[in-house]
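I opened a fresh page for this one and kept my notes in the order I looked things up. Pull up the model and follow along.

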Amino acid sequence: MILAAALLTLAQATAPASTPELTNQARVENFMLLQLWTDDPEKFLEAWKQATPPTLDTTTKIERNETITSFIIFAGCKADVADKCSLTGDIEFRDPNGEIYGEHKNIDFWNGPAIDSFDLRLSPIGPALVIKDGEKLGKYTVRISITDNNANVTAVTEEELIVVEAQ
């Protein structure tokens with residue numbers, strides 16, 4: 001996936017008054033959020049360090065007993081009087097039956113220097129998923145909800161991960 005295409009779509013996203021269709025990207029006012037998944041986090045990070053826009057190796061399909069890792073990219077958080085941003089939120093995993101598989105609440109996704117709307121950052125926090133032997137195969141849904149505490153806005157993204165039997 002080429003990051004530029006995803007960012008163009010992200011920049012064009014809006015926050016409609018009705019219930020939005022959830023995707024792996026969201027924009028609320030100036031705050032932008034994108035969740036990307038990879039089965040090779042080292043390769044992803046190496047590409048992230050390269051020239052802009054980087055070509056990032058992403059996937060939403062993984063085999064049983066393998067790890068898939070998320071990278072959360074954000075921009076446009078609002079600064080406080082000390083020129084710091086504060087992003088907190090929740091991660092929820094749902095199994096193929098729609099039941100809660102796991103959840104993490106009140107996570108500090110970013111507590112640091114302000115980020116303007118054109119400066120993309122990786123959160124130091126990103127979930128990972130491994131489906132072990134005996135667990136359900138199929139579509140897992142990951143909902144990430146992050147609040148820009150200074151702007152008092154929340155962006156919500158959702159991604160579907162497909163887990164198949166190992167070859």
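**Surface and burial.** I began with the accessible surface of the protein chain, which comes to about 8900 Å². Carbon and sulfur atoms hold 48% of that surface. I keep in mind that this is a predicted model. Next I checked burial: of the 167 residues in the protein chain, 38% are buried.

**Layout.** I then went through the secondary structure and found two helices and 10 strands in the protein chain. Read along the sequence, I get the pattern α-β-β-α-β-β-β-β-β-β-β-β. I also looked up how far apart in sequence the contacting residues lie. Taking contacts with a separation of 6 or more, I note that 66% join residues 24 or more positions apart.

**The hairpin.** I followed strand 1 into strand 2 and saw the two pair in the antiparallel sense, over four bridges. Val28 has Phe31 in strand 2 as its bridge partner. Two residues sit between the strands of this hairpin, and Glu29 in the turn has a positive phi of about 55°.

**Other positive phi values.** I made a note of two asparagines here. Asn106 has a positive phi of about 55° although it is not a glycine. I placed Asn106 in strand 6, and it is exposed, with a relative accessible area of 67%. Asn152 also has a positive phi of about 55°, again without being a glycine. I found Asn152 in the loop between strand 9 and strand 10, exposed at a relative accessible area of 67%.

**Nonpolar cores.** Which residues touch the most other members of the largest nonpolar core? I wrote down Phe31, Leu87, Phe109 and Ile146, out of 28 residues in that core. The elements that give two or more residues to this core are strand 1 (25-28), strand 2 (31-38), strand 4, strand 5 (84-94), strand 6, strand 9 and strand 10. I picked Ile146 for a closer look and left out residues up to four places away in sequence. Ile146 touches Phe31, Leu87 and Phe109, and its contacts also include Leu33, Ile72 and Val153. Apart from this core lies another, of eight residues, including Leu34, Ala47, Phe71 and Ile73.

**Aromatic pairs.** How many aromatic pairs does the structure hold? I get three, and I wrote up two of them. The ring centres of Phe44 and Phe71 are 4.2 Å apart and the planes are at 5°, so I log this pair as stacked. Phe44 lies in helix 2 (residues 41-48) and Phe71 in strand 4 (residues 67-75), so the pair ties together parts 27 residues apart in sequence. Phe44 and Phe71 are both buried.

I turned next to Tyr101 and Tyr140, an edge-to-face pair with 5.3 Å centre to centre and 80° between the planes. This pair links distant parts of the chain, with Tyr101 in strand 6 (residues 100-113) and Tyr140 in strand 9 (residues 138-148), 39 residues apart. Is each ring's residue buried or exposed? I find Tyr101 partly exposed, with a relative accessible area of 32%, whereas Tyr140 is buried at 1%.

**The disulfide.** I counted one disulfide. It joins Cys77 to Cys85, with 2.2 Å from S to S. The torsion about the S-S bond of Cys77 and Cys85 is about 90°, so I noted the disulfide as right-handed. Both Cys77 and Cys85 are buried.

**Thr141 and Glu158.** I closed with two residues that touch each other. Thr141 lies in strand 9 and counts as buried, at 16% relative accessibility. Not counting residues up to four places away in sequence, I list Glu92, Phe93, Arg94, Glu158, Glu159 and Glu160 as touching Thr141.

Glu158 is found in strand 10 (residues 153-164). I have Glu158 down as partly exposed, with a relative accessible area of 22%. My last lookup was the pair Glu158 and Gln25: 133 residues apart in sequence, yet 7.7 Å apart in space, C-alpha to C-alpha.

Technical notes: Residues are numbered from 1 along each chain as its sequence is written. This is a predicted model: local features need pLDDT of at least 70, side-chain atom pairs count only at pLDDT 80 or more; totals for chains, interfaces and linings use all residues. Side-chain values use heavy atoms; hydrogens and water are left out. A disulfide is a pair of cysteine sulfur atoms within 2.5 Å. Buried means under 20% relative accessible area, exposed over 50%, partly exposed in between (1.4 Å probe, protein chains only). Rings of Phe, Tyr and Trp (its six-membered ring) pair if their centres lie within 6.5 Å; planes under 30 degrees apart count as stacked, over 60 as edge-to-face and the rest as tilted. Contact means heavy atoms within 4.5 Å. Accessible areas come from the Shrake-Rupley method with a 1.4 Å probe; for residues, only the protein chains shown count as cover. A nonpolar core is a set of buried Ala, Val, Leu, Ile, Met, Phe, Trp, Tyr and Cys residues joined through side-chain atoms within 4.5 Å. Two strands pair if DSSP finds at least two bridges between them.
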